[in-house]
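Welcome! Take a moment to look over the sequence and turn the 3D picture around before reading on.

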Amino acid sequence: MSNDFVTEQERLEDQVRTYFGALPPLFQYEEEGGVMHLALMTENPRHNQQFLFHKSSGANAIQALESLLEYIRKHRAQEPTYTIQWRAFGESELHTSYFSAPNILGALDKFFHGRDVHAITVFSVTLNPLS
């Protein structure tokens, strides 16, 4: 990887971070079949759980980041938001998490990304009113 490529990747990651304020997101890259997949994860400071914010893909990390920035800038604001109330097995506290997604299944996909579906009970998924 050239220095210019790494510098551009870092610049784009910094642009993404500006949308998240004090809690920076986590970038998870995975190459599969010549395609770079990027999962951007956020962490809820209240219950320290990570959730999928969005997935993007490209021929390389830069293209995946550019696709992610396009989603953040244009499409995310147009998606409905969902509230998910849930509890992990063995815990007594009910948690509330929020997701932007094109539909209820997309919200649940983001919620369950990287999780054992048998370790969490979802009590409700609610479409939030449009603002």
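This report walks through the chain as a whole and then visits some of its parts.

## The overall picture

Keep in mind that this is a predicted model. The chain has 131 residues, and 35% of them count as buried. Its secondary structure comes to three helices and six strands. If you follow the sequence from its beginning, these elements come in the pattern α-β-β-β-α-β-β-α-β.

The C-alpha trace spans about 50 × 35 × 30 Å along its principal axes. How much of the contact count comes from residues 24 or more positions apart? Such pairs account for 47% of the contacts with a separation of 6 or more.

## Salt bridges along the helices

There are five salt bridges in the count. Let us begin in helix H1, which covers residues 3–17. Here Glu8 and Arg11 join their side chains in a salt bridge, with 2.7 Å from N to O. Because these two are three residues apart in H1, about one helical turn separates them. Glu8 is partly exposed, with a relative accessible area of 23%, and Arg11 is also partly exposed, at 39%.

Further along H1, Asp14 and Arg17 form a salt bridge whose closest N and O atoms are 2.6 Å apart. Asp14 and Arg17 are likewise three residues apart, so about one helical turn lies between them. Both are partly exposed: Asp14 has a relative accessible area of 44%, and Arg17 has 30%. Together with Glu13, they are linked in a network of salt bridges. Helix H2 offers another example, where the side chains of Lys74 and Glu70 meet at 3.6 Å, N to O. Lys74 and Glu70 are four residues apart in H2, about one turn of the helix.

## Strands side by side

Strand S4 has partners in both S5 and S6. S4 and S5 run antiparallel and are joined by six bridges. Within this pair, Trp86 stands opposite His95, while Gln85 faces Thr96. The two strands make a hairpin with six residues between them, and Gly90 in the turn has a positive phi of about 90°.

S4 also runs antiparallel to S6, and seven bridges join them. One of the pairings brings Thr83 together with Thr126 in S6.

## Two asparagines to find

Asn44 lies in strand S2, which covers residues 35–44. Asn44 is partly exposed, with a relative accessible area of 23%. Apart from neighbours within four places in sequence, Asn44 is in contact with Gln49 and Thr96.

Asn48 sits in the loop between S2 and S3. Although Asn48 is not a glycine, its phi is positive, at about 55°. With 52% relative accessibility, Asn48 counts as exposed.

## The two sides of helix H3

Which residues of H3 are buried? In this helix, made of residues 104–112, they are Gly106, Ala107, Lys110 and Phe111. These buried residues are on the same side of H3 because they cover an arc of only 140° around the axis. On the other side of H3, Leu105 and Asp109 are exposed. The cover over the buried residues includes strand S3, H2, S4, strand S5 and strand S6.

The two ends of H3 are worth a look too. At its start, a side-chain oxygen of Asn103 comes to within 3.1 Å of the backbone nitrogen of Leu105. After H3 comes Gly114, with a positive phi near 75°.

## A buried glutamate

Our last stop is Glu79, in the loop between helix H2 and strand S4. Glu79 is buried but has no salt bridge. Why does Lys110, the nearest side chain of opposite charge, not count as a salt-bridge partner? Lys110 is 4.3 Å away from Glu79, and a salt bridge needs the nitrogen and the carboxyl oxygen to be within 4 Å, so this pair does not qualify.

Glu79 does have polar company. Its side chain makes a polar contact of 2.7 Å with the side chain of Tyr71. In addition, a polar atom of the Glu79 side chain lies 3.4 Å from the backbone nitrogen of Ala101. Leaving aside neighbours within four places in sequence, the residues in contact with Glu79 are Tyr71, Ser100, Ala101, Pro102 and Lys110.

Terms used:
Residues are numbered from 1 along each chain as its sequence is written. This is a predicted model: local features need pLDDT of at least 70, side-chain atom pairs count only at pLDDT 80 or more; totals for chains, interfaces and linings use all residues. Side-chain values use heavy atoms; hydrogens and water are left out. Buried means under 20% relative accessible area, exposed over 50%, partly exposed in between (1.4 Å probe, protein chains only). Lys and Arg count as positive and Asp and Glu as negative; His and the chain ends are not counted. A polar contact is a pair of N or O atoms within 3.5 Å; within protein, one must be able to donate a hydrogen and the other to accept it, and residues adjacent in sequence count only if both atoms are side-chain atoms. Contact means heavy atoms within 4.5 Å. The arc is that of the directions from the helix axis to the C-beta atoms. Two strands pair if DSSP finds at least two bridges between them.
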